[in-house]
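Please open the model in the viewer and keep the selection panel at hand. The tour begins at an internal void and moves outward from there.

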Amino acid sequence: MIVCSRMWTLPEASEIARPNANVEESNMPVAAECGSKKIQEKQDYRDILQVQDAHHDVQSLDKTIASLETELSAARSLQESLLNGSPVAEDFKVSESIGRRKYLMVIGINTAFSSRKRRDSIRYTWMPQGEKRKKLEEEKGIIIRFVIGHSAISGGIVDRAIEAEDRKHGDFMRIDHVEGYLALSGKTKTYFATAVSLWDADFYVKVDDDVHVNIATLGQILSRLALKPRVYIGCMKSGPVLSEKGVRYYEPEHWKFGESGNKYFRHATGQLYAISKDLATYISINKHILHKYINEDVSLGSWFIGLDVEHIDDKRLCCGTPPDCEWKAQAGNICAASFDWRCSGICNSEGRIWEVHNKCAEGEKALWNATF
């Protein structure tokens with residue numbers, strides 16, 4: 001018997017005497033070093049691994065819960081559509097029949113009936129078309145759609161024009177929403193609720209149709225955050241609450257934000273932002289009681305107040321047009337999105353987006369060679 005001044009550590013399996021050992025060997029004490037640092041280091045290492053495993057289990061559980069909530073939300077959305085007599089999107093029917101596959105992100109491009117030239121300029125620059133777009137969905141797990149609702153008189157001439165354009169390109173996501181500039185908060189809410197019911201993705205992105213996007217760079221940024229729960233990423237800002245009628249971005253509910261001259265809570269600028277699936281699911285489940293402010297980026301930020309949400313401020317999502325994004329590209333810091341702040345998008349985007357694309361694009365190879 002050996003007496004040590006420290007707690008005796010159980011021996012490793014390899015250190016236990018063999019059953020068929022001779023008597024002389026069996027009388028030998030089990031190999032161990034009193035006060036050995038080696039055993040303590042092993043134990044510490046096991047403790048670290050156990051903590052890491054527990055952290056991973058918690059993250060996996062969060063994702064599983066979010067996935068179940070998404071399925072519930074999708075079932076509710078389908079039930080509402082059937083009860084209200086609304087048509088069910090073909091994408092939804094297909095996804096239900098073959099099972100929901102996992103995507104990295106859904107990019108919804110906010111557009112209007114009058115923005116045909118903007119849509120075409122995006123189709124011919126940063127948005128893949130035809131078979132390439134299908135390949136992007138199948139190989140990279142990235143969905144891209146123009147998001148639009150319907151006119152006040154459903155089935156009117158503008159609705160028929162969109163239907164004809166969709167038959168030609170097949171890149172629209174029609175939502176149950178009456179179009180109008182002052183109704184952007186409602187459109188954003190409906191977009192997220194509809195997108196999360198159609199596609200099971202890690203992230204849901206909203207971008208305006210006068211912004212240039214580098215898809216691979218955006219995908220790399222978001223893929224690094226895939227294991228984090230409740231992520232809200234964009235270029236965070238806190239602008240003044242404007243209480244004077246007639247000015248741009250006037251806030252009719254300015255009194256809710258305190259005294260004159262106060263600022264909004266921190267929120268992502270509206271040109272481009274992304275939220276994780278659990279937040280999109282939250283919007284879908286609670287869409288009927290989420291308050292809509294006049295400015296849609298303020299509305300989105302307000303929906304997450306009081307929730308345990310991680311706000312991520314990434315300036316690669318709000319670069320300026322050349323020379324800003326051009327210099328950054330030359331330095332190896334590719335921008336995910338570029339636009340002009342003074343125009344809240346690319347000024348005269350129908351013509352200038354070509355210039356931005358030629359000088360700031362990541363290149364087609366970067367997209368197809370990217371691993372997310």
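**The cavity and its surroundings**

The largest cavity has a volume of about 70 Å³. A cavity here is a set of points on a 1 Å grid over the protein atoms alone where a 1.4 Å probe fits but cannot get out; points are joined across faces, edges and corners, and the volume is the space filled by probe spheres set on them. The model is predicted: local features need pLDDT of at least 70, side-chain atom pairs count only at pLDDT 80 or more, and totals for chains, interfaces and linings use all residues. Residues are numbered from 1 along each chain as its sequence is written, and side-chain values use heavy atoms, with hydrogens and water left out.

Select G108, N110, V147, L184, K187, T188, Y191 and K206, which line this cavity; lining residues have an atom within 4 Å of a point. By class, the lining has three nonpolar, three polar and two charged residues, where Ala, Val, Leu, Ile, Met, Phe, Trp, Tyr, Cys and Pro count as nonpolar, Asp, Glu, Lys and Arg as charged, and the others, Gly among them, as polar. Which element gives the largest share of the lining? It is α7, with four residues.

Next, select β1 (102–110), which, like α7 (184–198), supplies at least two lining residues. Helices (H or I, at least four residues) and strands (E, at least two) are DSSP runs numbered from the N terminus. Eight of the nine residues of β1 are buried (under 20% relative accessible area, 1.4 Å probe, protein chains only), so this strand is largely enclosed by the rest of the structure.

Now add the neighbours of β1. Strand β4 (residues 200–208) runs parallel to β1 and is joined to it by eight bridges; strand β2 (residues 142–150), also parallel to β1, is joined by six. At G108, the bridge partner is K206 in β4 and R145 in β2.

Widen the selection to the whole sheet. This open sheet of seven strands has the order β3-β2-β1-β4-β7-β6-β8, with mixed pairing; two strands pair if DSSP finds at least two bridges between them. β3 and β8 (310–313) stand at the edges with a single partner strand each, so one side of each lacks a neighbour in the sheet.

Finally, select helix α4 (residues 116–123), where R119, D120, S121, I122 and R123 are buried. These buried residues pack (heavy atoms within 4.5 Å) against β1, β2, α6 (157–169), β3 (172–178) and α12 (349–360).

Technical notes: 1 Å grid on protein atoms, 1.4 Å probe; cavity = no way out; pocket = protein on both sides within 12 Å on 5 of 7 lines; lining within 4 Å. Buried < 20%, exposed > 50% of the residue type's maximum accessible area, 1.4 Å probe, protein only.
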